[in-house]
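Please walk through this structure in the viewer, one selection at a time. Each stop says what to select and what is there.

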Amino acid sequence: MNNYTTIRVNTSKQYDVLVCNGSLAEIGAVVANQFDKCRIAILTDDIVNSLYADTVTESLQQNGFSCVKYIFPNGERSKNINTVLGFINFLAAEQITRSDLILALGGGVVGDMAGFASAIYQRGIRYIQVPTTLLAAVDSSVGGKTAVDISAGKNLIGAFHQPSLVICDTATLETLPANILRDGYAEVIKYGVILDKKLFDILSRSTKGNPEEIIARCISIKRDVVTADEFDKGERQLLNFGHTLGHSIELLSNFTITHGEAVAKGMVIAAKLGKECGYADVVEPIKNIVEMYGFDTSCPYSAEQLYRVSLSDKKRQKEKITIVIPESVGKCILHTIPTEELLSLLNRIKL
Ligand SMILES: NC(=O)c1ccc[n+]([C@@H]2O[C@H](COP(=O)([O-])OP(=O)(O)OC[C@H]3O[C@@H](n4cnc5c(N)ncnc54)[C@H](O)[C@@H]3O)[C@@H](O)[C@H]2O)c1
C-alpha cells in the first residue's frame, strides 16, 4: 500500500483523514482495513463519474465490497432536496441498510448531499468522503457539516453528521479545470491567514507547492477548529474569514463571481476593516497573496450594497454581526459589532 499522511479527527465520532497521491486505485484495500465487507452506495456527479468511478468501483469490488451507484448532473444547481430524495429512494430500492456504507465521490456538492442523505436515511448511516476538488479536500469533506440549498438560500437545510473516513487522492486535482482549482486556493490561503503563518509563507514562496503537504496542513487546522467547536457555537466561526462579505459579493453578482473569487475579495475587505478598527495592517500581504494566485481583489459593489446583503447572513445575531478580522497573518479574531457600525466601517475604507 502507498504511504499515507493520516490526520485523526476526534469529534463526537473519531475518524481518519488519509491523504496520498494515487489512493483511488487501492481504495478497496484502504476501506477493507477499517470496515467489514458490506454494500457501498456511491454518490457522484456525471463529470466525476466519467473520470474516477470505474477505478473506485473496481478496487472496492476486488476487495469484497459490492457497489451500487447514483449519478446526478454536476453543479451547485443539483444541490437540493430533490436530488437527495432521489438518492434516498435509490438507497431504499437497493435495500441499503445501516450496516452498509455511503461513499461520496466528488467535490463539495457531492459530499454535502451524500453527508445529508447519510444523516437522515434510516436515522443515520455511515459514510466515507472521497473528495476530488481542492475545496472538498481542505474544507467540505472534514467537519461533518452537511446541507442542501433551497430557494431562500444556500445550505439552509442540513445536519451535523461526521463521516467515518475521508480518503483524499491528490492526483485527482490534476484533472480539475484551472478556475475550480484556483477557487480551492482561496480556502487554502484562508487557513494560512487565520491560523498558520508557516502555511502562508509556503504559499507565498510558490504557487506550485506540494499538494499533499498543503492539504494535510489545512485539514489539521480544520480538525483543530472543529474539535474545539464541533457545532459552530464560537471558534468555528474563524473559518468564515472572508466569507461574510464574500457571500454578499457572490449574491450581488448573482453567482457570476465564483465562491473562491468572492472569498478572495472578502478576505481583502476583512483585512481593511481590521485596519480601520485599529488592528494590524495586513492588507498588503493578503492582497499580494490572493493576487499571486490569480484573483482580482477589486470590489465592484458599494458599501451600502455589501451592507444590505450582509444583513441577510444566517450567521447574524439580531442587531449584531460577527466579522473575522486578522490580528496578524496567522492569527484571526472574532469581532462582533452592531450592524450599523459595519456600514460606517465599510463607508470609511476604500473597497
Ligand atoms: N460542508 C462544508 O463544510 C462545506 C465547506 C465549504 C464548501 N461547501 C460546499 O461545497 C460546494 C462547493 O464544492 P466544490 O467547489 O467542490 O464544487 P463541486 O462539487 O460542484 O465541484 C466543482 C466542479 O468540479 C467538477 N469536478 C470535481 N472533481 C473533479 C476532478 N477531479 N476533475 C475534474 N472535474 C472535477 C465537478 O463535476 C463540478 O463540475 C458548495 O455547495 C459549498 O456550499 C461545504
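**Around helix H9**

Start at Asn254, just after H9, where the residue takes a positive phi of about 55°. The model is a predicted one, so keep that in mind at each stop.

Next, select helix H9, residues 243-252. Eight of its ten residues are buried, so the helix is largely enclosed by the rest of the structure. Colour the buried ones: His243, Thr244, Leu245, Gly246, His247, Ser248, Ile249 and Glu250. To see what covers them, add helix H10 (259-276), H12 and strand E10 (320-328), which are included in that cover.

**Helices H12 and H13**

Keep H12 (residues 303-310) and add helix H13 (residues 339-348). Their axes come within 9 Å and cross at roughly 150°. That angle is over 145, which means H12 is roughly antiparallel to H13. The crossing of H12 past H13 is right-handed.

Now show side chains at the contact. H12 contributes Ala303, Leu306, Tyr307 and Ser310, while H13 contributes Leu342, Leu343, Leu346 and Asn347. Six of the residues in this contact are nonpolar, two are polar and none is charged.

**The ligand**

Finally, select the ligand and its surroundings. Which residues are the closest to the ligand? They are Asn74, Gly107, Gly108, Thr133 and Ser140, out of 29 residues that surround the ligand. By class, this shell holds nine nonpolar, twelve polar and eight charged residues.

Then select these elements, each of which supplies at least two residues of the shell:

- helix H2 (46-62)
- helix H4 (108-120)
- helix H5 (134-140)
- strand E8 (153-160)
- helix H6 (178-195)

Terms used
Residues numbered from 1 in each chain as written. Predicted model: local features only at pLDDT ≥ 70, side-chain atom pairs only at ≥ 80, totals over all residues. Axes fitted to C-alpha atoms, helices over the stretch in contact; angles between N-to-C directions. Helix = DSSP H or I, 4+ residues; strand = E, 2+ residues; numbered from the N terminus. Parallel < 35°, antiparallel > 145°, perpendicular 65-115°, else oblique. Left-handed = near helix turned anticlockwise from the far one by under 90°. Contact = placed C-beta atoms within 7 Å. Nonpolar A, V, L, I, M, F, W, Y, C, P; charged D, E, K, R; others polar. Buried ≥ 20, exposed ≤ 12 C-beta atoms within 10 Å, placed from the backbone. Near = placed C-beta within 6 Å.
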